[in-house]
Amino acid sequence: MFRSRVATLGAAALVLTACGGGGGEAPQKKTELSLYNDKGAWTKYFDEMGALSKQSIGLSIKPTGYTDSAQYQAFIKASFRTDVKPDLFTWQTGGMLEEIVKQKQVADTSAIWQEAIKAGDLSQDLMPYYTVDGKQYCVPMNVAYWGMFYNKKIFDQYGLKPPETWDDLIEVAETLKRNNVKAFYHTSVLFSFVWFEQLLAGTDPDLYDRLATGQAKYTDPGVVQVMERWKQLIDAGYFINPGDKTDPGDVLKNGKAAMVSFGTWFNTSMTSRSMKAGTDYDFFVIPNVNPALPKTSMIFESGPLCSLTKAADPEASTRYLKWWTTAEAQQKWAASRGDVSANPKVTIDDKALGAVTKDAGGGEYRLVNRYFEATPPPILTAALDGFSKFVTEPGTYMEVLQTIQQAADEYWSTHQ
């Protein structure tokens, strides 16, 4: 699910669309909405949703998918300053959502949320991630719980079972190492933060939350200890080369690494490779590093689907977002990708993911907002660069932490 640098025709398509129609005329009521997204690999699934929505509410969607995150964000922000605008677009929660809300670019969806919660189509627990200054913006395009996908055939070959404790996980990694199998996948590009967030949340989730809000420093002892533990895992030889460009779906299928930590959306990578859950691969919740914590920390994310304040056809955009939250839409959305849903009414066919969804919704885990959303964008930029450097040069961890903290000091000096 990596954002390789792939050119898109999105801007050109929008410009051509904008060339029609006379100035000053009332906008034509739309029957097809443009949906710009940073999920280029999901075009097939968006097309399927568009076919269903056409039948259900008379509105279809035309997806344009980007695979480069930075390129996509730049395009969406540029569209705010022109008359060429998407009808719908995907985004991020946290600081990135707040940033464009403050610019008055995003349509208020408070009424949709109130109605969906009343109907049981959205959970009250999700609302804070979509709330800025007391109002809601966008709706959940997807939700995901993070854990470990593993190659079941490799586990079976060496008599391994999903670990129940952190020590169990390390013993699994050791067994694989003795058999010349790399235990874990990691990368030096966009997802370089994955092991940092997992280790910190599983060691001290309160420190994780304080770090995200500027109440702790990256140079604090608890954070330093996490980096030292991460370095130990790298030095032990458990990880593949972080510069390896192989798609993580292929890494798991081909056995280049036995385990890949991602959100439940990664299940789509498995099913699209004709891999069967429970036979070829499976999923387990990553145990806490600190066994004394009262609940297992689980990284959680939710990606928004948004419309603009100045949409070409606001009524159509609102109607589509409202439909998107319904059980009809979400059952199709989850089933087509083999993933979980934000709608509590949806049945998850995959046994392991269904159990995780039920337990997470029932309060079994301490849900921890994904680092990518929890961290303010200027700090995140420094951190991604820093973690990318660290995974290739583990001895630089203090230098990396100091550099990230410099960015944090600068940001929080004006945002506390």
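**Entry 1: between the domains**

I began with salt bridges between domain 1 and domain 2, and the count came back as zero. This is a predicted model, so I keep in mind that side-chain atom pairs count only at pLDDT 80 or more. For the bounds I took the domain assignment of the chain, which gives domain 1 as 31–142 + 302–354 and domain 2 as 145–299 + 369–415. The centres of the two domains, taken over C-alpha atoms, are separated by 27 Å. I then looked up who takes part in the contact: 17 residues come from domain 1 and 17 residues from domain 2.

How much area do domain 1 and domain 2 bury between them? I noted about 1300 Å², with 57% of it on carbon and sulfur atoms.

**Entry 2: salt bridges over the whole structure**

Next I searched the whole structure for salt bridges and got 23. I picked three pairs to look at.

My first pick was lysine 332 with glutamate 48, whose side chains meet in a salt bridge at 3.8 Å, N to O. Lysine 332 sits in helix H14 (residues 327–337) and glutamate 48 in helix H2 (residues 43–57), so this pair ties together parts that are 284 residues apart in sequence. I checked exposure too: lysine 332 counts as partly exposed at 34% relative accessibility, and glutamate 48 also counts as partly exposed, at 25%.

My next pick was glutamate 171 and arginine 178, where I read 3.5 Å from N to O for the salt bridge of their side chains. Here glutamate 171 counts as partly exposed with 42% relative accessibility, while arginine 178 counts as exposed with 55%. For this pair the 50% cut-off decides the label, because exposed means over 50% relative accessible area.

The last pick was arginine 366 with aspartate 209, their closest N and O atoms 3.0 Å apart. Which elements does this pair tie together? Arginine 366 lies in strand S10 (residues 365–369) and aspartate 209 in helix H9 (residues 205–212), so the linked parts are 157 residues apart in sequence. I followed the shared partners and found that salt bridges join Asp206, Asp209 and Arg366 into one network. Both ends of my pick are partly exposed: arginine 366 has a relative accessible area of 27%, and aspartate 209 has 35% relative accessibility.

**Entry 3: the disulfide**

I then ran the search for disulfides over the whole structure, and it finds one. The partners are cysteine 138 and cysteine 306, with their sulfur atoms 2.1 Å apart. I looked up the handedness as well: the link is right-handed, with 100° about the S-S bond.

Where do the two cysteines lie? Cysteine 138 is in the loop between strand S5 (135–136) and strand S6 (139–151), and cysteine 306 is in strand S9 (residues 296–307), so the disulfide ties together parts 168 residues apart in sequence. In the domain assignment, domain 1 includes the segments 31–142 and 302–354, so I looked for both cysteines there.

Are they buried or exposed? Cysteine 138 is buried, with a relative accessible area of 0%, and I found cysteine 306 buried with 0% too.

**Entry 4: helix H17**

I turned to helix H17 (residues 377–392), which has 16 residues. From its first C-alpha to its last, H17 reaches 23 Å, close to the 22 Å expected at 1.5 Å a residue.

Which residues of H17 are buried? My list holds Ile379, Leu380, Ala382, Ala383, Leu384, Gly386, Phe387, Ser388, Phe390 and Val391. I then asked what covers them, and the cover includes helix H8 (194–203), helix H10 (221–235), helix H16 (371–374) and helix H18 (397–412).

**Entry 5: positive phi outside glycine**

Finally I looked at backbone angles. Aspartate 133 is not a glycine, yet its phi is positive, about 55°. I located aspartate 133 in the loop between strand S4 (131–132) and S5. Its relative accessibility is 64%, so aspartate 133 counts as exposed.

Serine 274 gave me another positive phi in a residue other than glycine, near 60°. I placed serine 274 in the loop between helix H12 (267–271) and strand S8 (281–284). With 67% relative accessibility, serine 274 counts as exposed.

Definitions and conventions. Residues are numbered from 1 along each chain as its sequence is written. This is a predicted model: local features need pLDDT of at least 70, side-chain atom pairs count only at pLDDT 80 or more; totals for chains, interfaces and linings use all residues. Side-chain values use heavy atoms; hydrogens and water are left out. A disulfide is a pair of cysteine sulfur atoms within 2.5 Å. Helices (H or I, at least four residues) and strands (E, at least two) are DSSP runs, numbered from the N terminus. Buried means under 20% relative accessible area, exposed over 50%, partly exposed in between (1.4 Å probe, protein chains only). The expected span of a helix is 1.5 Å times one less than its number of residues. Contact means heavy atoms within 4.5 Å. Domain bounds come from an automatic or database domain assignment. Buried area is the accessible area (1.4 Å probe) that two parts lose on being put together, summed over both. A salt bridge is a side-chain nitrogen of Lys or Arg within 4 Å of a carboxyl oxygen of Asp or Glu.
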